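Let's walk through this fold together, one piece at a time. Keep the picture beside you as you read.

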Amino acid sequence: MPITGVFFIPSTPNSATAFATVTERLHSAVADEPLAIGRWALEHKLMRDTPSCLPGSTPQRSAQPRYMQFLSLSYYPNHGFIYTSPNPETPGLNGGNNSNATAPPGATQPAHPGTPNSAPAEGSGLVMATVPLPSCGTLFKHFVYACQPFWCHRHTVAVPGGTVYDVGDFRVRIGDVRQTQPAVRPRGTVVEIEWRGPSLVTSISTQYSQSRRGSSLSQTDSSAGDHDSAIDLAMFSSIEDTDVDAEYVATAALIREFWSKLGIDGAREAILVPDVGKEVKKQLRKLKQQEKGGDWSPTNDNGDMVRTDEDPDPDAGTDLARQFMEIFRFNR
């Protein structure tokens, strides 16, 4: 799971977007020559709870609105992302076999989660889940038609065809954001900056995926049961959650430094958003459990076994999805 940052430059309906400016600055302001390597796309749908007909409930809603967001990314083709405010009476959301995170309903968001000196913030009061990509669209239609009295579809935005560049140790994705519902209009330009250099977070995620595949093999083939011999888990025994937090903060500084070289004003930033790194810390704990010889196998948050052949890495992209969803909650 790479560490990323997302920047959004808004535009008005009658003005040009910053796409051309960002692309030109990318070629002129950085030391390494950008190399265009492909295209990318996304679609994001935002729903918000509707006012209750119960007396005295409207002030509570305006003070703490509830959201449900659906996101698909072309470079994570195995699953879609759903980010939702949990029911106050429910401890979390069960997203099925691919559910990968829960958050306590009473948690609050830090006042300044993205400041350069802050550690990754946890406890947003929102719940992240991944589901198979076809199910993501089906669930959205269900909430639109069956739950309309409770949830209102606010808008849909998309990046229909962005450009991907490799620039030294960074991968940069640039794309124009267009609102497709309820009215078609440009919203601005989004830039995703991904750190591809050495990273503790990426090492943990890669090792976890290898262990997960090894565990899957051991369930079907006894000859593959001794997969620990091919995987070195001892190196993770001394790593703590604070080390993961420090990695996010240090890499966020590198991403901000790269962005500052482009000299683009008026951008909104999403890097150290609430709950960033949550899945990586869970992966680290499971790796430690396996290293200690515990009975480790892929499970969801309810402790149920998951089928590892359905999605090779259901946690992939969850940090990035949180960042895009933070940016795309327009007019909150």
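Helix α3 (residues 133-146) lies across β2, β3 (67-73), β4 (79-84), β5 and β6, and runs at about 115° to β5. Here helices (H or I, at least four residues) and strands (E, at least two) are DSSP runs, numbered from the N terminus. Lying across rests on contact, meaning heavy atoms within 4.5 Å. Axes are lines fitted to C-alpha atoms, for helices over the stretch in contact, with angles from 0 to 180 degrees between N-to-C directions. Another helix, α1 (residues 19-28), lies across β1, β6, β7 and β8 (185-195), at about 175° to β7.

This is a predicted model, in which local features need pLDDT of at least 70 and side-chain atom pairs count only at pLDDT 80 or more, while totals for chains, interfaces and linings use all residues. Residues are numbered from 1 along each chain as its sequence is written, and side-chain values use heavy atoms, leaving out hydrogens and water.

Now for the sheet. What is the order of its strands? The open sheet of 9 strands reads β5-β4-β3-β2-β6-β7-β8-β1-β9, with antiparallel pairing. At its edges, β5 (127-132) and β9 (268-270) each pair on one side only. Two strands count as paired if DSSP finds at least two bridges between them. Three of the pairs are set out here:

| Antiparallel pair | Bridges | One pair of bridge partners |
|---|---|---|
| β2 (residues 35-49) and β6 (residues 151-167) | 13 bridges | Arg39 and Thr163 |
| β6 and β7 (residues 170-181) | 8 bridges | Val167 and Phe170 |
| β1 (residues 4-10) and β9 | 3 bridges | Val6 and Ala270 |

β6 and β7 also form a hairpin with 2 residues between them, and Gly168 in the turn has a positive phi of about 60°.

Next, look at Gln323 in helix α7 (residues 318-327). Is Gln323 buried or exposed? Gln323 counts as buried because its relative accessibility is 1%; buried means under 20% relative accessible area, exposed over 50%, partly exposed in between (1.4 Å probe, protein chains only). Among the residues that Gln323 touches, beyond four places away in sequence, are Val6 and Ala270.

Finally, the largest nonpolar core has 63 residues, and those with the most contacts inside it are Leu73, Val190, Tyr248, Phe324 and Phe328. Helix α5 (residues 241-262) gives the most to this core, with 8 residues. Such a core is a set of buried Ala, Val, Leu, Ile, Met, Phe, Trp, Tyr and Cys residues joined through side-chain atoms within 4.5 Å.
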